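Here are a few short exercises to work through with the model open beside you. Try each task before reading its solution.

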Amino acid sequence: MNKNAVALPSFQARFLLPKYWPTWLGVGVLYALSWLPYRLQLVLGRGLGKLLYKILPKRVKIARRNLQLCYPDMPTEEREQLLKENFANNGIALFETGIAWWWPDWRLKRKLTISGWEHIQHNIDNGYGSLVLLFHFLNLEVHARVVGLHHPSIGLYRPHNNALMEYLQTKGRSRSNKYMIQRKDVRGMIRALNDGEVCGYLPDQDYGPRRSVFVPLFDVPDACTTTGTSIFAGLKKARPLVSVCKRLPKGRGYHLHFYPLQEDIPTGDLVEDASRINKEVERAIAMQPELYMWVHRRFKTRPETDMPSYYR
């Protein structure tokens, strides 16, 4: 195993202290709900999402602004409908966390179809690591789990501030996969790719100005975009490709899709690379815009600190 792998945490007696009881209660409810019929979970999730739309006005405002920035020509009524559908999917995402963390393999496999695996298999057969570009869709927890069901893989993650949740999420996210690497551990990711592993990487959020460039994303001309993709894709033993996990209509489950980039990277130009990655983000979002994580401030970092925020 990669020496940079995050060790699976062990249960600690302090997790039984009263301060962790609310966490146990919430997780216990989610665990119980995860055993309900799948289609019922979708219905309950949509209901929860409609409630979130009413009680989280700050997140609604952020998501609405993101949609305005990305789809300025979309009619207002259509954009508002997309916003409401997105919040319905935010509710479903909570149930999908339970599905990803606790469903047995056999149950999830019954809900899974896959296409494009030949791109991964080609890399495996030729000794290359696969840099799989994932994006922040609301079913990301399920996405990571179903990739591991087909081929145990490596993922990046950010530690949780709550020690109990760190224990639970690390165990849940490691299910069916090999191990995880902390998000800022560049050397660990490089080592895994050089070892021929299948590694998930998320290049589509605003991680701040360090190791980033400002390039277009949809109609926003200066989206802060990480240059990390160029570092990993530039390794001699790594090959980049994209993966999208689609939630199928009528409760039929999930379709895991792998496909090559539209344009090769790296090009030797970090700005050009980032622009090409953002085109991949746009392409993936176009497949299921209602499932994208619009509630985060994707455009919070501006090229100059004195420039006005997009969110005022």
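**Exercise 1.** Is Cys-70 buried or exposed?

*Solution.* Keep in mind that this is a predicted model. Start with the relative accessible area of Cys-70, which is 3%. Buried means under 20%, so Cys-70 counts as buried.

**Exercise 2.** Find out how many disulfides the whole structure holds, then look at Cys-70 and Cys-224.

*Solution.* Searching the whole structure gives zero disulfides. Take Cys-70 next: its nearest cysteine sulfur belongs to Cys-224 and is 15 Å away. A disulfide needs two cysteine sulfur atoms within 2.5 Å, so Cys-70 is in no disulfide. Now go the other way: for Cys-224, the nearest cysteine sulfur is that of Cys-70, and Cys-224 is in no disulfide either. Finally, check the surroundings of Cys-224: with a relative accessible area of 1%, this residue is buried.

**Exercise 3.** Place Leu-40 in its helix and decide which accessibility class it belongs to.

*Solution.* First, locate the residue: Leu-40 sits in helix H2, which covers residues 38–55. Next, read its relative accessibility, 37%. Partly exposed lies between the 20% and 50% cut-offs, so Leu-40 is partly exposed. Then look at its partners: together with Val-43 and Leu-44, Leu-40 forms a nonpolar surface patch of about 240 Å² accessible area.

**Exercise 4.** Describe the span that UniProt lists as "transmembrane region".

*Solution.* Begin with the record: an unreviewed UniProt entry gives residues 20–38 under that name. Then turn to the model, where residues 20–38 are 74% helix and 0% strand. To finish, take the end C-alpha atoms of this span, which are 29 Å apart.

Technical notes. Residues numbered from 1 in each chain as written. Predicted model: local features only at pLDDT ≥ 70, side-chain atom pairs only at ≥ 80, totals over all residues. Heavy atoms only, no water. Patch = residues over 30% accessible without salt bridge, like charges linked within 9 Å, V, L, I, M, F, W, Y side chains within 5 Å. Areas by Shrake-Rupley, 256 points an atom, 1.4 Å probe, with all protein chains shown as cover. Salt bridge = Lys/Arg side-chain N within 4 Å of Asp/Glu carboxyl O. Helix = DSSP H or I, 4+ residues; strand = E, 2+ residues; numbered from the N terminus. Buried < 20%, exposed > 50% of the residue type's maximum accessible area, 1.4 Å probe, protein only. UniProt positions renumbered as here; feature names shortened; annotations may be inferred.
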